[in-house]
Amino acid sequence: MPRSAEDKEAAGAWIEFVTDAENAAEYDTAASFFSTKESVGALYEGDPIFGESEKYTEFATVGPLVESAREVMGVLGPEIQSVLIGDKEPRQALDDAAEAAQPLLR
């Protein structure tokens with residue numbers, strides 16, 4: 001929780017809620033995610049695909065699939081924000097982001 005949180009009690013209650021194993025399991029299965037919490041246990045034992053895949057999650061690593069993905073996200077973020085605050089039209093922001101991302105994709 002941020003040190004600057006105005007209502008630390010409410011923030012703590014929210015953190016407790018979203019990290020609760022039962023709530024995490026419900027969220028994970030609704031989104032077809034594998035859990036990051038050992039306390040959740042196996043979520044897909046009855047599923048022939050997810051159940052088998054779940055057995056190997058401890059060996060999986062996560063990260064960007066494309067080497068420059070984080071840099072491209074860094075270009076996209078400010079452009080998305082410019083649309084949200086009304087500084088740019090969506091098409092212009094997308095065009096600007098595409099132009100800025102091109103050198104990162106080569």
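**Ser35 and its surroundings**

Reader: Which loop, between which helices, is the place of Ser35?

Author: Residues are numbered from 1 along each chain as its sequence is written, and this is a predicted model in which local features need pLDDT of at least 70, side-chain atom pairs count only at pLDDT 80 or more, and totals for chains, interfaces and linings use all residues. Side-chain values use heavy atoms, with hydrogens and water left out. Taking helices as DSSP runs of H or I with at least four residues, numbered from the N terminus, Ser35 sits in the loop between helix H2 (21-30) and helix H3 (50-54).

Reader: At what distance does the side chain of Ser35 reach the backbone nitrogen of Lys37?

Author: The side chain of Ser35 also joins that of Asp28 in a polar contact of 3.2 Å (N or O atoms within 3.5 Å, one able to donate a hydrogen and the other to accept it, with sequence-adjacent residues counted only if both atoms are side-chain atoms). For the backbone nitrogen of Lys37, the distance from the side chain of Ser35 is 3.0 Å.

Reader: Leaving aside neighbours within four places in sequence, which residues are in contact with Ser35?

Author: Contact here means heavy atoms within 4.5 Å, and, with the same neighbours left aside, Ala25 is in contact with Val40 and Leu43. For Ser35, the residues are Asp28, Val40 and Leu43.

Reader: What is the relative accessible area of Pro78?

Author: Pro78 belongs to helix H4 (residues 69-84), and its C-alpha lies 8.7 Å from that of Ala97, 19 residues apart in sequence. Pro78 counts as partly exposed (between buried, under 20%, and exposed, over 50%, with a 1.4 Å probe and protein chains only) because its relative accessible area is 47%.

Key:
Helices (H or I, at least four residues) and strands (E, at least two) are DSSP runs, numbered from the N terminus.
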